[in-house]
Amino acid sequence: MKKKLLFVLAAVIAVTMMLGACGGGSTTTPPAGGGSPAAPGGSPTAPTPPAATPEVTLILTNHDADTSTPGRYCHQWADMVKEKSNGRIEVQANNGGALAKPTESLDKVKSGMVDLAFGLQSFYPGQFPMTDGLSLPYLPYTSSSQASDVMMNIWMNTTLLQSDTGYQGTKVILIRANCDNPITTASKKLSSVDDLKGMTIRASTEPVTNWLKIFGATGKGCPINELFQNLQNGAFDGAITDWEAIYSYKLYDNCAKYFADEAVVYNTHYFLMNQAKYDSLSAENKAVIDECSGQAALDLMHDDWDGMKAKATDAIAGEGGTVYKLPDADHAKLVAGADQIKTEWIATNGDKGKQLQDKITELCAAAN
């Protein structure tokens, strides 16, 4: 009996050693369905947990409100960076001009007072002369999303814009369009282009100012957050500004009454990062910013600006305002004036200017 017990015990020990040898190799078979490989104890390997505290905090400034389309974009971009960095990078989006006025954000991002800035090139006359060529009146854009595709394509695939001094010292995250710009007037409906004569109109770029001059109007710059007051008190008779701004700044609310539905211009937004701040990041964190720049930045909220015209139109109607079309003959005069401005702009900017306009025409035709 004692010999039998010893024999059974020896057999059990041998089998146990064989099973241990079979499971003791370094190769682990992944579970069915492509999940994480099993750990030695049989449990799936846990994913890397999000960082408890961020390695890097980036400060972003934008002058539009949190609820505006640019404001929502800044928050969504911050969320994208946080997700792709697994919590290592936190972007603090400060909207509403809390850190910089519309005319200050470029200087603050270039100096490093903030790390990122979302704004408009049009607030910085002379610093974006080639970029102005993306926003000549009556270029062949048909929507904000299409214009944005064209603008970013030109930035990424040509060198036509990089000479603008406004971009020096920055990493370009995105260039995109806002909505099309109607002709807003405070108290007088335009029955023809002749009614523009003698008016003072808010205009954000030199080409648009020159275009207004053809029709006897004076174009003047004005920060968007001051436009409501200037229209209300009569300092300005009207404005060339986009549907998003009309809606976000409530220019229809006891302010402007008439909105001529002319897609005069699509202005450009910039989204820039201080180059020195970018250079200071680890290679891993630089890769995240790169991944969230360019096409990925363009794809984020790609079509949202195109929905603003309908929202603005509904709000205008609710306040008793009027959205209307000019007669065809007057529209044709506005377009002819724009063609004159384009010819003059190309003459000023030479071969490079012609290349830019040809590229815009080519890309718009391909998209239609």
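## A walk through the model, starting at Ala186

Start by selecting Ala186: with a relative accessibility of 9%, this residue counts as buried. Keep in mind as you go that the model you have open is a predicted one. Ala186 sits in the loop between strand S5 (183-185) and strand S6 (200-202). Now show what surrounds it. Beyond its neighbours within four places in sequence, Ala186 is in contact with Leu231, Asp237, Cys255, Ala256 and Lys257. Add Asn230 to the view as well: its C-alpha is 9.8 Å from that of Ala186, although the two are 44 residues apart in sequence.

**Zoom out for a moment**

Colour the chain by secondary structure and you'll get twelve helices and eleven strands. The protein chain has 368 residues, and 48% of them are buried. If you switch on the surface, you're looking at about 17,300 Å² of exposed area, with carbon and sulfur atoms supplying 54% of it. Contacts in this chain often reach far along the sequence: of those between residues at least 6 apart, 77% join residues at least 24 apart.

**Next stop: Leu60**

Select Leu60, which lies in strand S1 (residues 56-62). Is Leu60 buried or exposed? Its relative accessibility is 0%, so it counts as buried. Show its surroundings and, leaving out neighbours within four places in sequence, you'll find Cys74, Trp77, Val91, Gln92, Ala93, Asn94, Leu99, Leu116 and Phe271 in contact with Leu60. For a long-range pairing, draw a distance from Leu60 to Leu272: the C-alpha atoms are 9.4 Å apart, with the two positions 212 residues apart along the chain.

**On to the aromatics**

Two of the contacts of Leu60, Trp77 and Phe271, lead to the next selection. Pick Tyr73, Trp77, Phe118, Phe271 and Trp305, and you have one aromatic cluster on screen. The whole structure holds twelve aromatic pairs. One of them is Tyr73 with Phe118, a tilted pair with 5.5 Å from centre to centre and 40° between the planes. This pair ties together distant parts of the chain: Tyr73 is in helix H2 (residues 69-84) and Phe118 is in strand S3 (residues 116-120), 45 residues apart. Both Tyr73 and Phe118 are buried.

For another pair, go to Trp155 and Tyr167. Why is this pair tilted? The planes of Trp155 and Tyr167 are at 55°, with ring centres 4.9 Å apart, so the pair falls into the tilted class. Trp155 belongs to helix H4 (residues 144-157), while Tyr167 is in the loop between H4 and strand S4 (170-180), twelve residues away. Trp155 is buried at a relative accessible area of 14%, and Tyr167 is buried at 4%.

While rings are on display, select Tyr278 together with two lysines. Lys171 lies over the face of Tyr278, at 4.8 Å from the ring centre. The charged end of Lys286 also sits over the Tyr278 ring, 5.8 Å from its centre.

**Into the core**

In soluble globular proteins, nonpolar side chains tend to be buried together. Here, the largest nonpolar core has 82 residues, and the members that touch the most others are Tyr73, Trp77, Tyr141 and Ile289. Centre the view on Tyr141. Which residues does Tyr141 touch, not counting those up to four places away in sequence? They are Leu134, Gln146, Ala147, Val150, Met151, Tyr266, Ile360 and Cys364. Apart from the largest core lies another, of 23 residues, including Ile201, Leu212, Val265 and Leu326.

**Two backbone oddments**

Select Tyr138, in the loop between S3 and H4. Its phi is near 55°, a positive value in a residue other than glycine. Tyr138 counts as buried, at 17% relative accessibility. Then jump to Met301, in the loop between helix H10 (295-299) and helix H11 (308-318). Met301 is also not glycine and has a positive phi, near 50°. At 8% relative accessibility, Met301 counts as buried.

**Last stop: the cysteines**

How many disulfides does a search of the whole structure find? The result is zero. To finish, select two cysteines: Cys179 is buried with a relative accessible area of 3%, and Cys222 is buried at 6%.

Key. Residues are numbered from 1 along each chain as its sequence is written. This is a predicted model: local features need pLDDT of at least 70, side-chain atom pairs count only at pLDDT 80 or more; totals for chains, interfaces and linings use all residues. Side-chain values use heavy atoms; hydrogens and water are left out. A disulfide is a pair of cysteine sulfur atoms within 2.5 Å. Buried means under 20% relative accessible area, exposed over 50%, partly exposed in between (1.4 Å probe, protein chains only). Rings of Phe, Tyr and Trp (its six-membered ring) pair if their centres lie within 6.5 Å; planes under 30 degrees apart count as stacked, over 60 as edge-to-face and the rest as tilted. Helices (H or I, at least four residues) and strands (E, at least two) are DSSP runs, numbered from the N terminus. A charge sits over a ring if NZ of Lys or CZ of Arg is within 6 Å of the ring centre and within 35 degrees of the ring normal. Contact means heavy atoms within 4.5 Å. Accessible areas come from the Shrake-Rupley method with a 1.4 Å probe; for residues, only the protein chains shown count as cover. A nonpolar core is a set of buried Ala, Val, Leu, Ile, Met, Phe, Trp, Tyr and Cys residues joined through side-chain atoms within 4.5 Å.
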